[in-house]
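Colleague: Please take one part of this model and go through it closely. I would like to know how its strands are arranged and what its side chains do, with a word on the rest for context.

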Amino acid sequence: MSRLQVVLIAAGVAILQLVWLFAIAPFRGIDEFDHSYRAAAVAHGQWHVQPTAATRGTGAWLRVPQDIVTAASAQCRALPYTVAADCVGTPSSDGMVRIASGAGRYNPVFYALAGLPSLILKGDAALYGMRVVSATLALLVLVAGLLSMRTWASSRWPVLAFGVALSPVLLYSTAVLAPNGVEMAAGLAAWTSLIGVIRTPNRPLNTVVAALSASVLVTVRSLGPLWLVMIVLAVVLAEMPARQWWMSYFGRRTTWIAAGLVALASVASLWWILSMRALTVGADGSPDANSLDRLKIVGGQIPLWLLQSVAAFPLRNEASAPTVYLVYFFALLTVLGLGVSQMPIRVRVVTIGAIATAIIIAGGITFATYNDYGGAWQGRYLLPFLVGIPLLAAAHLDGDIPEVIRNLASMLVPAALAIAQVAAVVLAAHRQLAHDAVDPARWIPPLPVIGIVAAFGCAALVAGTAPWPRSDRTAA
């Protein structure tokens, strides 16, 4: 994997992030009004909050600049689950508003950085500034993962899998104001760096990236510690390092420094989660259901979660075009199928077990909490873990693949990914034009511009990730 590939992939991601950033109306991202309140409040000094049932049975009361509340009001009031306490609040004489936020209990570290633009910008401009910071943080984490991948990817197939992992909803999530996108990026970087730690243990970069990405992953959202444990287990079971590796790697000072950093971040995160009751999510008024009914509900939700992990925006119940799902799943299943055909049996078991475990966790949480929180789970919540599954598959594609299959996959998979990315963002922008709370003159670039710029981003991404025929063994 060359430096040029890293530059091309980073440029492609940045361009697509920029397109998404302007294709979604201000505060129209998933619960973006809640996140903007939290970010602005933290930036203005309100790090610690009193966890109270401020809204929807969760959240906290925040002090937010009036301009943020005013700018978010139309989008907030257009949602079916909000009330005046969420969208108007109680103004005070100092220009601040006491208002409820469903994100009020979330760890403040991400918001401390993302909220900085609200100190100098107002209203929509502040929101766009906060989106830029959030997108930049996610991009930096993704680039760190790419740099780590350079140390162990002996062909371009893992690089293609990295592109497959960047589903439309992942890139969308990195471009709106929320910690979800940074969490997904950190999960992907953790996968790449931990594989590198085992395969190329003498490269300190892998240890550094693993420590930083793991620390970010356990911090930004409350399920991060769970995903980190699952990623570590999956990588160790798939790679099965020898006893000599364990003795050598854990005999180094840098390893223990990195482990100490992750341990401190994990303890701090768990303290915040427990003290703030941060895992208490908003209730949706679902009626009580017995065990059998909940099992049926969970079974019906699984296909929805899979679709949501590909495309659902701006809100989780807003589906994209069938074409987006079809071409993306074609790319994903092609990489997985080729990888499974080359995997040792042990790795196949780990891969299938990892997917099944993630779905069981999501189903178990939904089953246990449905009567309190309804169908609160979303497919994108699984992505910090599931983004690594294509990497597990592609890491074993250094073996012999029939030339005709290799050539077809080299051309069709990148093309499918490009179609999915461009179609997803253009359709998302187009559908918002019919939304009552969206003022086109206030936000949207012309749809042809969105499509053209997105195509340029995809061109860079394809140039960086595609395992072109006769070049699938490019040296790292």
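Modeller: What follows is a walk through the strands, then a short look at aromatic rings and a surface patch elsewhere. Bear in mind that this is a predicted model.

I start with strand 3, which spans residues 96-101. Five of its six residues are buried, so strand 3 is largely enclosed by the rest of the structure. Two other strands pair with strand 3. Strand 1, residues 60-65, runs antiparallel to strand 3, and six bridges join the two. Within this pairing, Arg 63 is opposite Arg 98 of strand 3. The other partner is strand 2, residues 90-91, again in the antiparallel sense but over two bridges. There, Pro 91 has Val 97 of strand 3 as its bridge partner. Strands 2 and 3 make up a hairpin, with four residues between them. One residue of that turn, Gly 95, has a positive phi of about 85°.

Arg 98 deserves a second mention. Besides standing opposite Arg 63, Arg 98 has its charged end over the ring of Trp 61, 4.1 Å from the ring centre. A similar arrangement is found for Arg 221, which lies over the face of Tyr 381 at 4.9 Å from the ring centre.

Rings also pair with one another, and the whole structure contains 17 aromatic pairs. One of them joins Trp 245 and Trp 246 edge-to-face, with 5.0 Å from centre to centre and 85° between the planes. Trp 245 also pairs edge-to-face with Phe 250, at 6.2 Å centre to centre and with 85° between the planes. The cover on these rings can be given one by one. Trp 245 has a relative accessible area of 13% and is therefore buried. Trp 246, at 34%, is partly exposed, and Phe 250, at 33%, is also partly exposed. Ring pairs connect Trp 245, Trp 246 and Phe 250 with Tyr 249 and Trp 256 in a cluster.

Last comes the surface. A nonpolar patch of about 530 Å² is formed by Phe 330, Val 404, Ile 405, Leu 408, Met 411 and Leu 412. Helix 19, residues 403-432, supplies the largest share of this patch, five residues. Ile 405 is in helix 19, and its relative accessibility of 40% makes Ile 405 partly exposed.

To return to the part you asked about: strand 3 pairs with strand 1 over six bridges and with strand 2 over two, and five of the six residues of strand 3 are buried.

Note on methods:
Residues numbered from 1 in each chain as written. Predicted model: local features only at pLDDT ≥ 70, side-chain atom pairs only at ≥ 80, totals over all residues. Heavy atoms only, no water. Buried < 20%, exposed > 50% of the residue type's maximum accessible area, 1.4 Å probe, protein only. Pairing = 2+ DSSP bridges. Patch = residues over 30% accessible without salt bridge, like charges linked within 9 Å, V, L, I, M, F, W, Y side chains within 5 Å. Areas by Shrake-Rupley, 256 points an atom, 1.4 Å probe, with all protein chains shown as cover. Salt bridge = Lys/Arg side-chain N within 4 Å of Asp/Glu carboxyl O. Phe/Tyr/Trp six-rings, centres within 6.5 Å; stacked < 30°, edge-to-face > 60°. Lys NZ or Arg CZ within 6 Å of the ring centre and 35° of its normal.
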